[in-house]
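Visitor: Please take one part of this model and go over it closely, at the level of individual side chains. I would like to start from the charged pairs and then move outward to the backbone around them.

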Amino acid sequence: MINRRLLVFLLCSILLPLYALADDITFSSGYTRVVMKGENRTVELTENVTVKSGQIDIKANKIIISGENYSYLQCIGNVQVIDHERDITLNTSMLSYNRSTEFITIDGWVEMQDSKNEVSVSSAWLEFDLNGGILRLQLQTKILKSTSKGPMVCKADNVTYDRNSEKITLLGNAEVEWNNDTYKAQKLSVDLKTEEIVMTGDISGTVNG
């Protein structure tokens, strides 16, 4: 039977490093399991899990925190990420977040609301460089931008969205529907600030007068 004081000491020695980084981690859950194996320590949280790291709040059915300085988060089931600093909300079923590199990777369906730029995103794969503000999206990708002339809908097989410059590059079956017009090309570049569209390769479209 393990001594109660020893158990408390062990738990503190494992969990306190979660608060030792520049961006502390705080969490709550219905069930917590701590695994120690060599130098690797893993905190597994299940049942109504909430994790906060800096300005980012994450909710999920299960979150596994691991890696050096607890930098790696694997989130599973009904995942919601709210980035209060960047004014972004992500909803998906599975997500990986590296706190050291500030990268989010999602291999599955994802919906994102970029309230700052009035942009909605949906895709089947996403890689998000939070620091650089660059999103790379693949498979069934659609970006919807609210404009004074109505919604602009951008679709393509591969999409790069730069949140800082508000520019979108669409490659492969690229299409933009906007103001009752349709533009299609192998590559489309869209400047959301100036509402300028540039097309290259196999260009076609319909413009309503």
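Salt bridges and their surroundings

Guide: The structure holds seven salt bridges, and since every atomic position here belongs to a predicted model, what follows describes computed geometry. The pair that deserves the closest look is the one formed by D83 and R86, in which the closest N and O atoms are 2.6 Å apart. D83 is found in strand β5, and its side chain is also in polar contact, at 2.6 Å, with the side chain of R86. Is this pair buried or exposed? Both D83 and R86 are buried. For D83 the relative accessible area is 3%, and because the limit for a buried residue is under 20%, D83 falls within that class. Leaving aside residues up to four places away in sequence, D83 touches Q55, I56, I88 and L130.

Just beyond this pair the backbone takes a turn of interest at D87, which lies in the loop between β5 (72-83) and β6 (88-98). D87 is not a glycine, yet it has a positive phi of about 60 degrees. Most residues other than glycine have a negative phi. D87 has a relative accessibility of 39%, and it therefore counts as partly exposed, whereas D83 in strand β5 is buried at 3%.

Three further salt-bridge arrangements can be set beside the buried pair. D57 forms a salt bridge with K52, with 3.3 Å between the closest N and O atoms. D57 has a relative accessibility of 22%, so it counts as partly exposed, and K52, at 33%, is likewise classed as partly exposed. The side chains of R136 and E127 also meet in a salt bridge, at 3.9 Å from N to O. In that pair R136 is partly exposed at 38% relative accessibility, and E127 is partly exposed with a relative accessible area of 22%. Beyond these pairs, R33, E44 and K62 are joined into one network by salt bridges that share partners.

Cysteines offer a contrast to these charged links, in that the structure holds zero disulfides. C75 is buried, with a relative accessible area of 0%, and C154 is buried as well, at 1%.

The positive phi at D87 has counterparts elsewhere in the chain. N48, which is not a glycine either, has a positive phi of about 55 degrees, and its place is in strand β3, spanning residues 40-53. The relative accessibility of N48 is 72%, and because the exposed class begins over 50%, N48 counts as exposed. A further case is E166, which takes a positive phi near 60 degrees in the hairpin of β10 and β11, where four residues lie between the strands.

That hairpin is part of a run of paired strands that can be followed along the chain. Strand β9 (residues 134-147) and strand β10 (residues 150-162) run antiparallel and are joined by twelve bridges. These strands, β9 and β10, form a hairpin with two residues between them, and S146 stands opposite P151 in β10. From there β10 continues to strand β11 (residues 167-178), to which it is joined by eight bridges, again in an antiparallel arrangement. Within this second pairing, the bridge partner of D162 is K167 in β11. In a regular strand the side chains alternate between the two faces of the sheet.

Finally, the local picture can be placed in the whole. The protein has one helix and 14 strands, and of its 209 residues 38% count as buried, D83 and R86 being among the buried ones. Its accessible surface comes to about 11500 Å², of which 48% belongs to carbon and sulfur atoms. Among contacts between residues at least 6 apart in sequence, 32% join residues at least 24 apart. Against that background, the starting point remains the salt bridge of D83 with R86, whose side chains also make a polar contact, followed by D87 with its positive phi in the loop between β5 and β6.

Conventions. Residues are numbered from 1 along each chain as its sequence is written. This is a predicted model: local features need pLDDT of at least 70, side-chain atom pairs count only at pLDDT 80 or more; totals for chains, interfaces and linings use all residues. Side-chain values use heavy atoms; hydrogens and water are left out. Buried means under 20% relative accessible area, exposed over 50%, partly exposed in between (1.4 Å probe, protein chains only). Two strands pair if DSSP finds at least two bridges between them. A polar contact is a pair of N or O atoms within 3.5 Å; within protein, one must be able to donate a hydrogen and the other to accept it, and residues adjacent in sequence count only if both atoms are side-chain atoms. Contact means heavy atoms within 4.5 Å. Accessible areas come from the Shrake-Rupley method with a 1.4 Å probe; for residues, only the protein chains shown count as cover. A salt bridge is a side-chain nitrogen of Lys or Arg within 4 Å of a carboxyl oxygen of Asp or Glu. A disulfide is a pair of cysteine sulfur atoms within 2.5 Å.
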